[in-house]
Amino acid sequence: MAASCRRSHGSFCLLFVLLLAATASALGAAVGSSISHVQLSAEFLLPVDSSSCPTPQEQPHGAPTGTRMPIVHQHGPCSPLAAAGKHAGKAPSHTEILAADQRRVEYIHRRVSETTGRGARRPRRTSAPVELQPGSPSPASASSYAKPSSSSPANLPASSGTALGTGNYVVTIGLGTPPARSTVVFDTGSDTTWVQCQPCVAYCYRQKEPIFNPSKSYTYANISCSSSYCDDLYTSGCSGGHCLYAVQYGDGSYTVGFYAQDTLKLGYDVIKEFRFGCGEKNRGLFGKAAGLMGLGRGKTSLPVQAYNKYNGVFAYCLPASASGTTGFLDFGPGAPAANARLTPMLTDNGPTFYYVAITGIKVGGHLLSIPESIFSGAGALVDSGTVITRLPPSAYEPLSSAFARGMEGLGYKKAPAFSILDTCYDLTGYQGSIALPAVALVFDGGACLDVDASGILYVADVSQACLAFAANEDDTDVAIVGNTQQKTYSVLYDLGKKVVGFAPGAC
Ligand SMILES: *[C@@H]1O[C@H](CO)[C@@H](O)[C@H](O)[C@H]1NC(C)=O
């Protein structure tokens with residue numbers, strides 16, 4: 001019973017469905033116990049436009065602390081980075097998003113197996129060492145640059161550049177004094193925060209906002225090579241007494257520059273002497289974001305740096321759709337999670353990532369028969385930047401067949417596989433609300449993620465809406481709880497109490 005997230009009230013089932021159908025929000029978020037189906041509004045299947053976006057400065061209601069920041073999907077029509085005008089870049093296609101998602105997952109798998117010994121060993125792709133070019137801030141040579149992590153030379157900082165440009169969510173921060181608006185990708189899968197910096201001695205990619213100019217901030221300071229903060233970096237170097245950082249991502253994207261400190265503004269809150277990378281050599285598919293906010297568990301990450309201020313607590317809520325509703329990112333014990341269902345954060349499993357233990361999967365309210373050893377063998381982590389949840393093949397197969405049986409029972413027409421997704425339906429012509437078999441992930445301690453109706457399907461097209469889960473290559477690869485399944489939940493990370501929590505219906 002401990003691992004049950006929905007108690008069974010058999011005969012009340014239909015009543016619940018009816019009640020939910022009557023009271024569900026626009027997206028039919030099904031919160032509660034004992035339901036076998038959730039209702040998805042057919043509107044969800046249609047492309048969104050920017051007319052339904054909240055006004056840019058609008059803060060979500062009931063902000064409990066001064067840090068709450070609205071977040072939106074990077075490529076959604078409501079993104080501050082949204083393409084506009086004739087110079088607009090094209091938003092990535094669903095095929096591109098899912099291909100990038102797969103590269104991110106492969107990178108996470110490599111990094112997890114390198115740092116924890118878990119997972120299938122794969123040949124590691126070696127890339128040329130990242131160095132600043134001659135004529136850049138320093139005559140930094142490869143040797144002055146390459147100071148790999150003490151634990152392992154293969155220990156690259158986590159995250160995937162390509163995925164940063166596709167499946168991720170952005171938040172707007174203020175950096176420096178006076179604060180410069182910078183819209184950055186936020187990423188629980190990496191530690192070091194960085195932004196592109198002028199004078200971009202080597203090169204910067206195109207971003208939407210003006211590139212951060214350290215000389216215009218009177219609180220900016222370089223960090224010295226002798227500072228212990230310089231040693232916190234996975235990869236660091238030294239130029240003219242100033243600490244250099246480098247982050248190389250899984251797909252070959254990278255950022256290199258000075259490790260610096262300046263005032264960081266989060267919502268109405270201020271963090272002084274926040275350490276971040278001032279990137280003067282940046283290459284990769286980061287979209288038009290100014291950089292990245294690292295929310296991992298490493299020493300350089302924001303929640304760890306601001307530990308005393310926020311007790312190592314942050315939470316975010318990813319909105320159900322790319323328009324209409326706004327999500328949030330919030331720091332500190334006031335972060336909304338009163339009703340969160342908690343599961344232990346497994347901090348001994350490896351660096352950076354938020355490891356948790358999945359114990360089961362439910363479809364239509366029924367626990368699937370999957371040996372718990374399948375989950376414990378692979379391990380699992382929660383990631384803000386992976387789009388599609390990845391499961392061991394021995395867990396994915398029972399899930400997709402149970403879901404397919406449920407969909408067949410509801411009379412939906414099958415559609416061809418799409419990219420990494422193989423359980424797809426043609427929902428052309430449906431109106432009103434669409435019933436879907438409920439899907440839930442059960443975690444150690446009984447915490448449960450009753451996936452919101454908006455997080456069950458990945459809608460490539462109305463004629464191709466697919467179960468938004470995929471199988472890992474191997475049962476030993478770590479499972480990843482992706483951001484599609486986290487939608488509308490407040491996902492809480494508490495580094496002090498060492499728990500991860502899911503609070504339903506938060507945005
Ligand atoms: C930081 O270091 C760079 C490179 O040496 C230098 O150009 C810049 O003026 C320094 N900034 C400050 C505030 O010291």
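Where is the place of Ser 419? Ser 419 sits in the loop between β20 (413-415) and β21 (424-426). Keep in mind from the start that this is a predicted model.

## Unusual backbone angles

Ser 419 is a good place to begin, because most residues other than glycine have a negative phi, and most peptide bonds are trans. Phi of Ser 419 is near 50°, a positive value in a residue other than glycine. Since its relative accessibility is 46%, Ser 419 counts as partly exposed.

Glu 273 is another residue other than glycine with a positive phi, this one near 55°. You will find Glu 273 in strand β10 (residues 269-283). Is Glu 273 buried or exposed? With a relative accessibility of 51%, Glu 273 counts as exposed; the cut-off for that word is over 50%.

The model also has cis peptide bonds to look for. One runs from Thr 177 to Pro 178, with omega near -5°. Pro 178 belongs to the loop between β3 (169-175) and β4 (180-187). A cis peptide bond also joins Gln 198 and Pro 199, where omega is about 10°. Pro 199 lies in the loop that connects β5 (194-196) with β6 (221-222).

## Strands β8 and β9 and their partners

Now turn to strand β8 (residues 242-248). Six of its seven residues are buried, so β8 is largely enclosed by the rest of the structure. Strand β9 (residues 254-266) can be described in a similar way: 12 of its 13 residues are buried, so β9 is largely enclosed by the rest of the structure.

What do these strands pair with? The table lists pairings, each of them antiparallel, with one pair of facing residues for each.

| Strands | Bridges | One facing pair |
|---|---|---|
| β7 and β8 | four bridges | Ser 236 and Tyr 245 |
| β8 and β9 | five bridges | Val 247 and Thr 255 |
| β3 and β9 | two bridges | Gly 174 and Lys 265 |
| β6 and β9 | two bridges | Ala 221 and Gln 261 |
| β9 and β10 | 12 bridges | Tyr 254 and Arg 283 |

Two of these pairings are worth following along the chain. Strand β7 (residues 236-239) forms a hairpin with β8, with two residues between them. In that turn, Gly 240 has a positive phi of about 55°. β9 and β10 also form a hairpin with two residues between them, and here Gly 267 in the turn has a positive phi of about 60°.

As you look at these strands, remember that in a regular strand the side chains alternate between the two faces of the sheet.

## The ligand and its surroundings

Which residues are around the ligand? They are Tyr 220, Asn 222, His 242 and Phe 258. This shell divides into two nonpolar, two polar and no charged residues.

Some of these residues can be placed on the strands you have just met. His 242 falls within β8, which covers residues 242-248. Phe 258 is the bridge partner in β9 of Leu 244. Asn 222 falls within β6 (221-222).

Two side chains approach oxygen atoms of the ligand. In Asn 222, an N or O atom of the side chain is 2.4 Å from an oxygen atom of the ligand. For His 242, the distance from an N or O atom of the side chain to an oxygen atom of the ligand is 3.1 Å. How much of the ligand does the protein cover? On its own, the ligand has 360 Å² of accessible area, and the protein covers 43% of it.

## Helix α9

Finally, look at helix α9 (residues 393-409). At 1.5 Å a residue, its 17 residues should span 24 Å, and the end C-alpha atoms are indeed 24 Å apart, so the two values agree.

Which residues of α9 are buried? They are Pro 393, Ala 395, Tyr 396, Leu 399, Ser 400, Ala 402, Phe 403, Ala 404 and Met 407. When you read that list, it helps to know that an α-helix has 3.6 residues a turn, so residues three or four places apart point the same way. Following α9 comes Gly 411, with a positive phi near 85°.

Technical notes: Residues numbered from 1 in each chain as written. Predicted model: local features only at pLDDT ≥ 70, side-chain atom pairs only at ≥ 80, totals over all residues. Heavy atoms only, no water. Near = heavy atom within 4 Å. Polar contact = N/O pair within 3.5 Å; in protein donor to acceptor, adjacent residues only side chain to side chain. Areas by Shrake-Rupley, 256 points an atom, 1.4 Å probe, with all protein chains shown as cover. Nonpolar A, V, L, I, M, F, W, Y, C, P; charged D, E, K, R; others polar. Expected span 1.5 Å × (residues − 1). Buried < 20%, exposed > 50% of the residue type's maximum accessible area, 1.4 Å probe, protein only. Pairing = 2+ DSSP bridges.
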